[in-house]
Amino acid sequence: MIKEKCYLPSASPLIGFPTSSSIPRRDFLSRAALGAGLGGLLPYVARGEPAAKMVHQQLAEAMGNAELALIFQGNSAEECRRWQRKFRAQLEQLLGNSSPPQHWTISQESHVEFEKYTRWELLLNADGFVSLPVYLLVPSGLRSGQRVPGVLCVHGHGRFGNDAVAGRRDMEGVSEEIDAMNYDYGVQFAERGYVVAAPSMIPFGRRVDRTSYGGNDPCAITFLRMQALGKLLITSNLRDLRWALDLLQSRDEVHPDAIGCAGLSYGGRMTMMVSAIDQRVRVAAVSGALNLLQERMTHRHSCGAQMIPGLLRYGDYSEVGSLIAPRPCLWETGSTDPLIVPKWDEVFRQRLRRTYAALGAEDHLHFDTFDGGHTWNGRAAFPLFNEVLRSSLQ
């Protein structure tokens, strides 16, 4: 079994307990360890080691020594395809079933015509599934029977979910978010002649009432609640994105074999996920998500919407991204994006490069670093999508 370990610099403690002068130190630390479910650490606590520090050090060491047992180490196309089959099967086992409903209906909630496109507000409904809100942006001036490429545009974190991606500047606060992160890339694709589906994921936008969480993180709480039901938040969102792909393929205006996917931040992460799992995505643009779970969970945290329990036993986000190969994929990052960590981002790149090189598809892997922060850019994505998707119409 091949194992890969990554160097982890020291980090600040993840967990802390308040001290109290009214409780003897050793007794307090023992109670703290028991309260945190850390009975196995009591021998260390008894020696006077700070419980919080021990917990963090143990977790950091475990992250640094994670097996990542299915890292691709081959060189040939045959080895790579065999690895992809094995890792994809393992990933799907960790995720569970992400298949969208086979039979569903559409409810139209609104539509607004703009100069270059029409925006439809739809609700996808199926028995046994929570309804999925989707914006559909259709370019103006299409001829009868004309088919154009489609793009699944995936939103990230934020108060407004898919409202920002669909350019809802008529809603309070959305314009500021769009301007801050160039967030209306759904509109930008539609104005370039693509049919765009922009679904709302859980728990964002209209699919969450943030006031009911009392200031707590809806991602973390939703993740835990779904875990209690034997479900995964990331899998539910993956299913809904695949459902939106079904919507695109069902449209008369869309060529079913010319579909791409693009997203920023968590939208970039989910662009990676759906492109890795669903072969219908012909080209992908992952923005602001060139970071590894191993790094994030060691030095910061990763929200419940991004968690795949058990992933670090086999690989990381880089291995998920490698399942996209040999299909074209662009990874764009801002030069000052604080979420992209030097050295770790190069680990990610090198693992991707190895996969694409083994498949003889080095020219299908693209990296673009632009001047800016955690924002969508598109300067390399739009030409790439045009090259890949419009060529399939000829």
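A hairpin of three residues links strand S1 to strand S2 in this predicted model. The two strands, S1 (residues 105-113) and S2, run antiparallel and share eight bridges. S2 then pairs with strand S3 (residues 132-139), again in the antiparallel sense and over eight bridges. Away from the strand pairing, the other topic here is the largest pocket, which holds about 430 Å³ of space.

**Strands and their partners**
- If you want a register marker for S1 and S2, take Ile106, which stands opposite Leu124 in S2.
- For S2 and S3, a handy marker is Arg119, whose bridge partner in S3 is Leu137.
- Strand S2 (residues 117-125) is mostly covered, with eight of its nine residues buried.
- As a general reminder, side chains in a regular strand alternate between the two faces of the sheet.

**The turn between S2 and S3**
- Six residues lie between the strands in the hairpin of S2 and S3.
- Within that hairpin, Gly128 adopts a positive phi near 85 degrees.

**The largest pocket**
- Its lining is made up of 17 residues.
- Nearest the centre of the largest pocket you will find Val130, Met226, Lys231, Ser236 and Arg239.
- By class, the lining splits into seven nonpolar, seven polar and three charged residues.
- Helix H9 (residues 233-250) is the element that gives the most to this lining, contributing three residues.

How values were computed
Residues are numbered from 1 along each chain as its sequence is written. This is a predicted model: local features need pLDDT of at least 70, side-chain atom pairs count only at pLDDT 80 or more; totals for chains, interfaces and linings use all residues. Side-chain values use heavy atoms; hydrogens and water are left out. On a 1 Å grid over the protein atoms alone, a cavity is a set of points where a 1.4 Å probe fits but cannot get out, and a pocket is an open set with protein on both sides within 12 Å along at least five of seven lines; lining residues have an atom within 4 Å of a point. Grid points are joined across faces, edges and corners, and a volume is the space filled by probe spheres set on the points. Helices (H or I, at least four residues) and strands (E, at least two) are DSSP runs, numbered from the N terminus. Ala, Val, Leu, Ile, Met, Phe, Trp, Tyr, Cys and Pro count as nonpolar, Asp, Glu, Lys and Arg as charged, and the others, Gly among them, as polar. Buried means under 20% relative accessible area, exposed over 50%, partly exposed in between (1.4 Å probe, protein chains only). Two strands pair if DSSP finds at least two bridges between them.
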